[in-house]
Amino acid sequence: MKKIIAIIAALAVCAAVSAQKQEKTPAERAAADTKKLQTEYSLTDDQAKQVETAYLTRYNKIAEISENADLSKEEATKQRGAAVGKFNKSLKEILTTEQFQAYTDAVKAKQPGGDKKPAEAPKKGKK
């Protein structure tokens, strides 16, 4: 019985820690993502400030969309996509051509199937 209680307590602690990680504010997410980009793409301090502002705008807009219960799922998805598109446009203006290309390549590689070559169609052969 004590083992069961200990296991349940351990699971509760793990769930609480996991929930805390997911509940970052838009400002915390923007700062963390900016730091990551600054390290990966050697951003200048000026670029980093602009990127953080762009991230903050993006995350605030997405939070606003998520909290709007009046939006249909399709409309919310459409608005999130628009927010991401606006963010990418901002990044393109902030980053150098090389930095932006490296960023977009990395984003594509992280998407499902983004780092794989398209499969060749099977060849039709005579039986």
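The lining of the largest pocket is mixed in character: seven of its residues are nonpolar, two are polar and five are charged. The model is predicted. The space in this pocket amounts to about 280 Å³. In total, 14 residues form the lining. Those nearest the pocket centre are Tyr-55, Arg-58, Tyr-103, Val-107 and Lys-110. Four helices, α2, α3, α4 and α5, each give two or more residues to this lining. Helix α2 gives the most, with five residues.

The second largest pocket holds about 170 Å³ of space. Its lining consists of Ala-54, Thr-57, Arg-58, Lys-61, Gln-79, Ala-82, Ala-83, Lys-86, Phe-87 and Ser-90. The elements that supply two or more residues here are α3 and α4. The greatest contribution comes from α4, with six residues. By class, the lining divides into four nonpolar, three polar and three charged residues. Arg-58 lies nearest the centre of the largest pocket, together with Tyr-55, Tyr-103, Val-107 and Lys-110. Arg-58 also lines the second largest pocket.

Helix α2, the main contributor to the lining of the largest pocket, spans residues 26-41. The helix has 16 residues. From first C-alpha to last, α2 reaches 22 Å, close to the 22 Å expected at 1.5 Å a residue. Four residues of α2 are buried: Ala-30, Thr-34, Leu-37 and Tyr-41. These buried residues fall within an arc of 65° when α2 is seen down its axis, so they line one face of the helix. The spacing fits a general rule: an α-helix has 3.6 residues a turn, so residues three or four places apart point the same way. On the other side of α2, Lys-35 and Thr-39 are exposed. Exposed here means over 50% relative accessible area, and buried means under 20%.

The buried residues of α2 pack against three helices. These partners are α3 (45-67), α4 (73-94) and α5 (97-110). The partner helices α3, α4 and α5 also appear, with α2, among the elements that give two or more residues to the lining of the largest pocket. Of these partners, α3 and α4 give two or more residues to the lining of the second largest pocket as well. Just after α2, the backbone at Ser-42 takes a positive phi of about 50°.

Methods
Residues are numbered from 1 along each chain as its sequence is written. This is a predicted model: local features need pLDDT of at least 70, side-chain atom pairs count only at pLDDT 80 or more; totals for chains, interfaces and linings use all residues. Side-chain values use heavy atoms; hydrogens and water are left out. The expected span of a helix is 1.5 Å times one less than its number of residues. Buried means under 20% relative accessible area, exposed over 50%, partly exposed in between (1.4 Å probe, protein chains only). The arc is that of the directions from the helix axis to the C-beta atoms. Contact means heavy atoms within 4.5 Å. On a 1 Å grid over the protein atoms alone, a cavity is a set of points where a 1.4 Å probe fits but cannot get out, and a pocket is an open set with protein on both sides within 12 Å along at least five of seven lines; lining residues have an atom within 4 Å of a point. Grid points are joined across faces, edges and corners, and a volume is the space filled by probe spheres set on the points. Ala, Val, Leu, Ile, Met, Phe, Trp, Tyr, Cys and Pro count as nonpolar, Asp, Glu, Lys and Arg as charged, and the others, Gly among them, as polar.
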